[in-house]
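Reader: Could you take me on a close look at one part of this model, the sheet and what packs against it? I would enjoy a connected account rather than a list.

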Amino acid sequence: LVVLLALLGLAAAGKLLVVPVDGSHWLSMREVLDSLRQKGHEVVVVAPEVNLYIKPSKSFVMKMYPVPFTQEELDEDFQGFTKDLFEGGPFLARVIRLYQRSKKTSALFLATCAHLLHNRELIRYLEESKFDAILTDPFLPCGQILAEHLSVPSLYFLQQMPCALEYPATQCPNPASYVPRLFTGHTDHMTFLQRVRNVLYDIPNFFLCDAVYQPYGKLASEFLHRDVTVPDLLRQASIWLMKIDFVLHYPKPLMPNMVLVSGVNCASEKLSE
């Protein structure tokens, strides 16, 4: 009986590959990895040598790879993106500014992904490691490209996707008459004119996402040796772990594989009643 119980304990543990996104995306994911390690899971994190916050830890094995930019270039880009994101101004000026910054930041992220996928030694290691699943942030689809290549289930850990790509990827309703769009300042109770404005604010998203994500579709097609788009990749996720709730976010439709896990952001803080 003791031997059987011991074997059951081993069977409960798994081998998880983690492909994170740097910055604030990583900070809450790190809390999850600490908990998984405590439960006996083996965790391997793949990250670029030049990054902001992804550092080695006792909770996981770190596999790093070189990238074609310096720490100074990365720091400058992140600071500029934060400034552009929160700087005020007319709507059209904000869209143009965000579009230009998105192209520049996306070039760095795309180079990071390309150098991961073209690192033959690292890819060979990942193929031989026989992972049970991949945990990744789909804000950048590099993790999902690896999931397709390794033929393993993928778990997404995110707050929300740019241009609301999580909705078409999960076939989740996202009506402009009900769900407020970014930058509108609307609530979930809108007048007719506000709903019209909500629809108009959606239009620039198509151009922003095309500039940011189209190169990833091309990179994925070359790596996987078949035609694929980013929406195709996103649709393959098994579970969407969403760092949102209906206290700080307006109510909106969800699909069965979209699970709200906003509490992980407070994992290291002792909350009052």
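Author: Happy to; what follows starts with the sheet, moves to its strands and helices, and ends with the loops and the whole chain.

Please keep in mind that this is a predicted model. The chain holds nine helices and seven strands. Seven strands form an open sheet with parallel pairing, and their order is E3-E2-E1-E4-E5-E6-E7. At the edges stand strand E3 (61–65) and strand E7 (258–260); each has a single partner strand, so one side of each is left without a neighbour in the sheet. From one strand to the next, the twist averages 20°.

Let us zoom in on the E5, E6 and E7 end of that order. Strand E5 (residues 154–158) and strand E6 (residues 239–242) run parallel and are joined by four bridges. Within this pairing, Leu 155 has Ile 239 of E6 as its bridge partner. On to the next pair: E6 and E7 also run parallel, with three bridges joining them. Here the bridge partner of Trp 240 is Met 258 in E7.

The side chains of E6 are worth following with your viewer. They alternate along the strand: Trp 240 and Met 242 point to one face and are buried, whereas Ile 239 and Leu 241 point to the other face and are not buried. Ile 239 is thus a residue to look at twice, as the bridge partner of Leu 155 and as one of the E6 side chains that are not buried.

Back in E5, have a look at Ser 154, which belongs to that strand. Ser 154 has a relative accessibility of 1%, so it counts as buried, the cut-off being under 20%. Its side chain makes a polar contact of 2.7 Å with the side chain of Gln 144. Leaving aside residues up to four places away in sequence, Ser 154 touches Ile 134, Gln 144, Ala 147, Gln 236, Ala 237, Ser 238 and Ile 239.

Now for the helices that meet the sheet. Helix H2 (residues 24–38) lies across strand E1 (15–19), strand E2 (42–48), strand E4 (133–136) and E5, and runs at about 155° to E2. Helix H6 (residues 142–150) also packs on the sheet, where it touches E1, E4 and E5; the direction of H6 makes about 175° with that of E4.

Two loop residues deserve a short detour for their backbone angles. Ala 164 sits in the loop between E5 and helix H7 (166–170). Although Ala 164 is not a glycine, it has a positive phi of about 55°. With a relative accessible area of 23%, Ala 164 is partly exposed. The other one is His 225, found in the loop between helix H8 (192–224) and helix H9 (230–234). His 225 has a phi near 60°, again a positive value in a residue other than glycine. At 71% relative accessibility, His 225 counts as exposed.

Finally, step back to the whole chain. Its radius of gyration is 20 Å, close to the 19 Å that the globule rule gives for 273 residues, so the chain is as compact as a globular protein of that length. The C-alpha trace spans about 70 × 45 × 40 Å along its principal axes. Of the 273 residues, 43% count as buried. Among contacts with a separation of 6 or more, 58% are between residues 24 or more positions apart. The chain exposes about 15200 Å², and carbon and sulfur atoms supply 59% of that area.

Notes. Residues numbered from 1 in each chain as written. Predicted model: local features only at pLDDT ≥ 70, side-chain atom pairs only at ≥ 80, totals over all residues. Heavy atoms only, no water. Pairing = 2+ DSSP bridges. Axes fitted to C-alpha atoms, helices over the stretch in contact; angles between N-to-C directions. Contact = heavy atoms within 4.5 Å. Rg over C-alpha atoms; globule rule 2.2 N^0.38 Å. Buried < 20%, exposed > 50% of the residue type's maximum accessible area, 1.4 Å probe, protein only. Areas by Shrake-Rupley, 256 points an atom, 1.4 Å probe, with all protein chains shown as cover. Polar contact = N/O pair within 3.5 Å; in protein donor to acceptor, adjacent residues only side chain to side chain.
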